[in-house]
Amino acid sequence: MPYVLGVHLGATATTAAIARRDGSRWAAAAPVPLAAGPVVPTVLCKVQDGSFVAGEAAQRQEIAHHEWVVRGFTARLGDDLPLLVGSEFVPAQRLVAAMVEWVADVVAGRQGHPAEHIAIAHSATWGPHRIRLVQQALAQLGLNEVTMVPEPLAVALDYAGKQRVAEHEPIAVANIGGSGMDATVLRRRQRGFEVVGSPLTADHPSGQDLDDEIFAAVRAEFGEQLEALDLADLNQRAALAHLRAECVRAKEALSQQASAQIRVELPGVRTEFAMSRSRYEQLARPHLERVPELVLQAVQSATLTPDDLDAVVLAGGTARVPLLKQLVAERLKVPPQVDVSPELAAACGAASAAVQLLSTDGDEGSISETSVLVRIEGSDFEEEEPEIPDAPRPPIDVEPLPLEPPDEDRARRIKIIKLSAAAVLVIVGLLLTFLWPSSSSGGGMLGLLQLMSR
């Protein structure tokens, strides 16, 4: 059965969703597993044949073969310096394309054939230059049928596919990912959304901030054992990685449970560390309080108030935290909308964007109006100008200045004259040295030079 693929390429996690076509009708987008579940880490490992494995398989190699494993490459997109993977320098866009190719291959293997179209939900901070780099890298791998969709737009499309949003109504989208967050106000249009105001991004809060808080609480209890770890030892390095993974698991569990147990297995220590939700929320509150403030700033940049919004939509795994929903509702006076699987919203929205493209293929005003942030309200421009440093780099054509060809004969004559003058001076010097008395040699020489200069 034909299908389209939506991929959310996050800085720390990658997800995928598909929508199947039955005749002329498309089913709703649904997440698709990439390994044990629908979420895999955005990690690559280069193997012996030069190809890449990704996700959990790559993460397992990080302890023993960390020099062949790379993560965080989405944030390096557009940098002049490539990343060192093993013994090879690899541009970030090639790594991004390799991650997308791996997802497409996994899904194609499960479905029995490739997708008709791929839509990629990417960071809201990517400008035209970064997007073009990724498109070129994907084309080199044979992936040409690809649409790029900014994360806020993908989340908005997913929400509009489940809840009716009247035309011209604005919604605010806050996406809290593993390495940062963004807040964007979008207005509903007939075939999608347009951005109003200024999209805002911040490195904090992030899912990693919350991981760090739990790990810091464990470190406060077992600091002596952690300080004694020899990271050159493979087993002890694995124990530290396992403890960090336990902190991440506990964070996710505390969004649904009143408490969680963290297994601590270090040299000389094998026990559990209890973390209650109240303790976790106490640690997380300073980070989560930034979310409603950033959303409010995005709303104000659109010359709107929270009362003007049709909805406030929270996405990303951190959106599950009950305290976050409480803080947003208290600050904005609007109860936030959170999907049952907020970490999958962007991937499902990307798949919805691909459906719109194929459903309106050849029609004017198709997905091209929703796959980019078409227009910022109140601007005279038809296309977004997000980041000046990210603008496409134009070729520089420098026209050389016209230069007259050198006069070779003239240069030869000048050289002969200089050599002749030097020879004369040498001869005169010899004559003065041997024929004139030494007492008058200085004056004779001076007089001779004066006569020559006349």
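A salt bridge, as the term is used here, is a side-chain nitrogen of Lys or Arg within 4 Å of a carboxyl oxygen of Asp or Glu. Keep that in mind for the exercises below, and remember that this is a predicted model.

**Exercise 1. A pair inside one helix**

Find the salt bridge between lysine 162 and aspartate 158, and work out where its two partners sit.

Solution.
- Step 1: Check the distance. The closest N and O atoms of lysine 162 and aspartate 158 are 3.2 Å apart, and the cut-off is 4 Å, so the pair counts as a salt bridge.
- Step 2: Place the partners. Both lysine 162 and aspartate 158 belong to helix 4 (residues 151–162). They are 4 residues apart, about one turn of the helix.
- Step 3: Look at accessibility. Lysine 162 has 45% relative accessibility and is partly exposed, while aspartate 158, with 7%, is buried.

This pair is one of 17 salt bridges in the structure.

**Exercise 2. A pair between two helices**

Which parts of the chain does the salt bridge of glutamate 293 and arginine 331 link?

Solution.
- Step 1: Start with the contact. The side chains of glutamate 293 and arginine 331 meet at 2.5 Å, N to O.
- Step 2: Now place the two ends. Glutamate 293 is in helix 8 (residues 290–301) and arginine 331 is in helix 9 (residues 322–332), so this pair, 38 residues apart, links distant parts of the chain.
- Step 3: Add the accessibility. Glutamate 293 is partly exposed at 32%, and arginine 331 is partly exposed at 39%.
- Step 4: Look for a network elsewhere. Lys46, Glu88 and Arg94 are joined into one network by salt bridges that share partners.

**Exercise 3. What helix 9 touches**

Describe how helix 7 and helix 9 pack, then see what else helix 9 lies across.

Solution.
- Step 1: Take the axes. Those of helix 7 (residues 277–288) and helix 9 come within 10 Å and cross at roughly 45°.
- Step 2: Classify the angle. The two helices are therefore oblique to each other.
- Step 3: Give the hand. Helix 7 passes helix 9 in a right-handed crossing.
- Step 4: List the residues in contact. Helix 7 brings Arg277, Glu281, Arg285 and Leu288, and helix 9 brings Pro322, Leu323, Leu324 and Leu327.
- Step 5: Turn to the strands. Helix 9 lies across strand 13 (170–176), strand 18 and strand 19, and it runs at about 155° to strand 18.

**Exercise 4. Two open sheets**

In what order do the strands run in the sheet with 5 strands, and which ones stand at its edges? Then do the sheet with 3 strands.

Solution.
- Step 1: Read the order. The 5 strands are arranged 15-14-13-18-19 in an open sheet with mixed pairing.
- Step 2: Find the edges. Strand 15 (192–202) and strand 19 (337–338) each have a single partner strand, so one side of each has no neighbour in the sheet.
- Step 3: Zoom in on one pairing. Strand 18 (residues 311–315) and strand 19 pair in the parallel sense over 2 bridges, and valine 313 stands opposite glutamine 337 of strand 19.
- Step 4: Move to the 3 strands. Their order is 7-6-8, again in an open sheet, with antiparallel pairing.
- Step 5: Find the edges here too. Strand 7 (52–54) and strand 8 (69–71) stand there, each with a single partner strand.
- Step 6: Note the twist. Neighbouring strands of this sheet are turned by 30° against each other on average, direction ignored.
- Step 7: Zoom in once more. Strand 6 (residues 43–46) is joined to strand 7 by 3 bridges, and cysteine 45 has valine 53 as its bridge partner.
- Step 8: Add the helix. Helix 2 (residues 92–111) lies across strand 6, strand 7 and strand 8, at about 65° to strand 7.

**Exercise 5. A hairpin with two faces**

Which side chains of strand 16 (residues 259–266) are buried?

Solution.
- Step 1: Sort the faces. Ala260, Ile262, Val264 and Leu266 point to one face and are buried. Ser259, Gln261, Arg263 and Glu265 point to the other face and are not.
- Step 2: Find the partner. Strand 16 runs antiparallel to strand 17 (residues 269–276), and 8 bridges join them; glutamine 261 is paired with alanine 274.
- Step 3: Check the turn. The two strands form a hairpin with 2 residues between them, and glycine 268 in the turn has a positive phi of about 85°.
- Step 4: Spot the salt bridge. Glutamate 265 meets arginine 270 at 3.4 Å, N to O. Glutamate 265 is partly exposed at 31%, whereas arginine 270 is exposed at 69%.

Terms used:
Residues are numbered from 1 along each chain as its sequence is written. This is a predicted model: local features need pLDDT of at least 70, side-chain atom pairs count only at pLDDT 80 or more; totals for chains, interfaces and linings use all residues. Side-chain values use heavy atoms; hydrogens and water are left out. Buried means under 20% relative accessible area, exposed over 50%, partly exposed in between (1.4 Å probe, protein chains only). Two strands pair if DSSP finds at least two bridges between them. Contact means heavy atoms within 4.5 Å. Axes are lines fitted to C-alpha atoms, for helices over the stretch in contact, and angles run from 0 to 180 degrees between N-to-C directions. Angles under 35 degrees count as roughly parallel, over 145 as roughly antiparallel, 65 to 115 as roughly perpendicular and the rest as oblique. A crossing is left-handed if the near helix is turned anticlockwise from the far one by less than a right angle, and right-handed if clockwise.
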